[in-house]
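The following exercises concern side-chain packing and surface character. Please work through each task with the sequence and the model at hand before reading the solution.

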Amino acid sequence: MSRWWVIGGCLVAMLIVGQAFYQLASWTSRGGQTAPLYSSYRHDPHGTAALFDLLEMRGLPVDRITRPRLSADHHGTLVQVLPSRRSDTAGPTSVVYGSSQLIDWMHDGNTVIQFTRQYSRLMEEVGVPKENASIETAAAKDLEVLQRQGADPDDLSAMYPLVTAASEVDADRHWGLLLPQALGSEPAPRWRPLAKDGPRIVAAEMGVGAGRLVIIGAPTPASNSGLLRGDNVELLLELLGDGPVLFDEWSLGVGQHHTMLELISRAGLTPVLLQAILALGIYHWSTRRQRSEPDPPITQARSSVEQIHTLGYLYRQSLSPDEVSRRVVAEVYARLAGALRCKPSAIAQRAKRLPETHAAAVQQLLTDLEQLAGEQKPRRNEAYAAMLDRSYSLVKALEK
């Protein structure tokens, strides 16, 4: 009865995993999860494909960076929309962490715009004090989890109220930001505020050589759902200028190599993998009692008498009578010498020290053995077997 309970429980578990798979597939189709969060390849509300398409439609030269290095012919403005470190961020070889190259690139007159809720490595290397930027919060990470799952932007706005930060360039226009990081209440050296939420600076820029670094405190203005919030479109177009505009996809993981399990997870196939493992487990459990180990081969134990008869028979069939006699004598003497712990030549002398019964048995065996060896005509197999059998029994008695 318990077996059927286990099978029923496994089937219910398979149904739950299947439901989770189809729910995840629904999220995938709605959220565009074949591309990373904030990717310009992602057309759901939480990607940045709309900004890329808008710039193309306006005739600006745009391109995507899917390599860990900027080439010599790249110039203009690099757009980096960075997820939290808990998300699909790139490793140390990505351009987002190759900050020294970006600094040199800005010194040549180019611009880097980072949309991020975290204190980035580039901000650290250009000298922005960490106390001037709020540390990434658990709420920001939870928000990005919901975005990766394709949550409705209106629901997210209800959970995390939209911040309308006044532009420092034009007080009549406002940035629309969702859960932005604060870049301090007072600008750091060389920083120029671009937008404030009350006393908090949520967007700022800094000159780096002939170029500049711009930090926007949230990815919202660049995302598909946030592009039309507030005056984000107009303010973004002013920041981007006449291009060229480069979208950093490498920092989001595009173009990087991943393990098979990572690819399965990104494609939303983890439930299928679990279903397969569960099905194999049920099959193994249901068939393990049907498989029995093969019976060991039956081996027939041979008695000592049978072995002795066989040995005598082999001697008789393959050897001359004289050789048979010699080998039988040698075998008997070797057995007695081993039992008495002496040389074969000292058996008769050593036997005198034994109890009378054993001494008489040894002496009789030696006498019969000399008589057998002295006969000229071949003996039957039974005579040889009997002699060996007597020696075996006598040895056993002596060993006791």
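**Exercise 1. Aromatic pairing**

A search of the whole structure, which is a predicted model, yields one aromatic pair. Classify the geometry of the pair formed by Phe52 and Phe247, and locate both residues.

Solution. The ring centres of Phe52 and Phe247 are 5.3 Å apart, and the ring planes meet at 65°. Planes over 60 degrees apart count as edge-to-face; the pair is therefore edge-to-face. Phe52 belongs to helix α2 (residues 49–57) and Phe247 to strand β9 (residues 245–248), so that distant parts of the chain, 195 residues apart, are linked. Phe52 and Phe247 are both buried.

**Exercise 2. A charge over rings**

Determine over which rings Arg64 is placed.

Solution. Begin with Phe52: the charged end of Arg64 sits over this ring, 3.8 Å from its centre. Next, consider Tyr41: Arg64 lies over its face, at 4.2 Å from the ring centre.

**Exercise 3. Helix α3**

Identify the buried residues of helix α3 and the elements against which they pack.

Solution. Helix α3 spans residues 99–107, and its buried residues are Ser99, Gln101, Leu102, Ile103, Trp105 and Met106. These buried residues pack against β2, β3, α4, β7, β8 and β9. After α3 comes Gly109, with a positive phi near 105°.

**Exercise 4. A nonpolar patch**

Is Leu274 buried, partly exposed or exposed?

Solution. Leu274 is located in helix α9 (residues 270–287). Its relative accessibility is 46%, so Leu274 counts as partly exposed. Together with Leu273 and Ile277, Leu274 makes a nonpolar surface patch of about 270 Å².

Technical notes
Residues numbered from 1 in each chain as written. Predicted model: local features only at pLDDT ≥ 70, side-chain atom pairs only at ≥ 80, totals over all residues. Heavy atoms only, no water. Phe/Tyr/Trp six-rings, centres within 6.5 Å; stacked < 30°, edge-to-face > 60°. Helix = DSSP H or I, 4+ residues; strand = E, 2+ residues; numbered from the N terminus. Buried < 20%, exposed > 50% of the residue type's maximum accessible area, 1.4 Å probe, protein only. Lys NZ or Arg CZ within 6 Å of the ring centre and 35° of its normal. Patch = residues over 30% accessible without salt bridge, like charges linked within 9 Å, V, L, I, M, F, W, Y side chains within 5 Å. Areas by Shrake-Rupley, 256 points an atom, 1.4 Å probe, with all protein chains shown as cover. Salt bridge = Lys/Arg side-chain N within 4 Å of Asp/Glu carboxyl O. Contact = heavy atoms within 4.5 Å.
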